[in-house]
Amino acid sequence: MTDAAAPFQGYGTKPYRAYVLGVLVVIYTFNFIDRLLISIVQEAIKEDFGVSNFLLGLLGGPVFAVLYTLLGIPIARLAERANRITIVSIGAAVWSVMTAACGFAANFLQLALCRLGVGIGEAACVPPSQSAIADYFPADRRASALAIFSLGIPIGSAMA
């Protein structure tokens, strides 16, 4: 008779797991702040660049969402093979730089291209983060950890 395998206890100590989860929540919070900034300043964009409501709608919707959505799957597949925290870090750096670049855009096309970059960077947040949470937390704690991670959405929305 063999001993049953010990149940997975999660990666690292409990304080370390809490730290990792806290950092991922902060990153997800900024993900939503950056995502919503464009809608907060849309009237100023409309006035400065002389664009229509239709173009503003494209900027806030498809320009961002198409690449964000399409890249989610390949980035999730990459997260299955590569370091998840590195992927999240690179994604956060990309979307942060592109968000800052939006502030320097001199015309609507430049702004739209920068928003594409924001979408690309933000696509690297959720799939690798959820995968990392699955790595760090045992099954009986994973749902709570994912719920805490998801608090980034309302916190970021409120902060924006």
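Trainee: What makes the largest pocket a pocket, and how much space lies in it?
Mentor: About 230 Å³ of space lies in the largest pocket of this predicted model, and the residues closest to its centre, of the 13 that line it, are Ile38, Val41, Cys102, Gly103 and Leu111. The elements that give two or more residues to this lining are H1, helix H2 (42–49), helix H5 (84–104) and helix H6 (108–122). It is called a pocket because, on a 1 Å grid over the protein atoms alone, it is an open set of points where a 1.4 Å probe fits, with protein on both sides within 12 Å along at least five of seven lines, and a lining residue has an atom within 4 Å of a point. The volume is the space filled by probe spheres set on the points, which are joined across faces, edges and corners.

Trainee: What should I keep in mind about numbering and confidence?
Mentor: Residues are numbered from 1 along each chain as its sequence is written, and side-chain values use heavy atoms, with hydrogens and water left out. Since the model is predicted, local features need pLDDT of at least 70 and side-chain atom pairs count only at pLDDT 80 or more, whereas totals for chains, interfaces and linings use all residues.

Trainee: Which classes of residue make up the two linings?
Mentor: The largest pocket is lined by 8 nonpolar, 2 polar and 3 charged residues, where nonpolar covers Ala, Val, Leu, Ile, Met, Phe, Trp, Tyr, Cys and Pro, charged covers Asp, Glu, Lys and Arg, and the others, Gly among them, are polar. In the second largest pocket, which holds about 160 Å³ of space, the lining consists of Gln9, Lys14, Arg17, Phe137, Pro138, Asp140 and Arg141. H1 and helix H8 (139–150) are the elements that give two or more residues to that lining, and by class it has 2 nonpolar, 1 polar and 4 charged residues.

Trainee: Why is Asp140 given the exposure class it has?
Mentor: Asp140, whose place is in helix H8, has 59% relative accessibility and therefore counts as exposed, the classes being buried under 20% relative accessible area, exposed over 50% and partly exposed in between, with a 1.4 Å probe and protein chains only. Its C-alpha atom is separated by 10.0 Å from that of Gly10, although the two are 130 residues apart along the chain.

Trainee: How do you know which elements the protein chain has?
Mentor: Helices are DSSP runs of H or I with at least four residues and strands are runs of E with at least two, numbered from the N terminus; by that rule the protein chain has 9 helices and 0 strands. Its C-alpha trace spans about 75 × 30 × 20 Å along the principal axes, and buried residues make up 37% of the 160 residues.

Trainee: Why is the pair of Arg35 and Glu122 called a salt bridge?
Mentor: The term requires a side-chain nitrogen of Lys or Arg within 4 Å of a carboxyl oxygen of Asp or Glu, and the N to O distance for Arg35 and Glu122 is 3.2 Å, so the pair qualifies. Arg35 lies in helix H1 and Glu122 in helix H6, so parts that are 87 residues apart in sequence are tied together. Both Arg35 and Glu122 are buried.

Trainee: What makes Asp135 and Arg84 a salt bridge as well?
Mentor: Their closest N and O atoms are 3.1 Å apart, so this pair also meets the criterion. Asp135 lies in helix H7 (residues 126–136) and Arg84 in helix H5, so the pair joins parts 51 residues apart in sequence. Asp135 itself is partly exposed, with a relative accessible area of 35%.

Trainee: Why are Pro128 and Phe149 called buried?
Mentor: Pro128, in helix H7, has a relative accessible area of 0% and is therefore buried, and Phe149, found in helix H8, counts as buried at 0% relative accessibility too. Pro128 is 12 Å from Tyr28, C-alpha to C-alpha, with their positions 100 residues apart in sequence.

Trainee: What makes Tyr11, Tyr16, Tyr19 and Val23 a patch?
Mentor: Together they form a nonpolar patch on the surface with about 430 Å² of accessible area, a Shrake-Rupley value with a 1.4 Å probe in which only the protein chains shown count as cover. Patch residues have over 30% relative accessible area and no salt bridge, with nonpolar side chains (Val, Leu, Ile, Met, Phe, Trp, Tyr) joined within 5 Å and like charges within 9 Å. Tyr19, which lies in helix H1 (residues 14–40), is exposed, with a relative accessible area of 54%.
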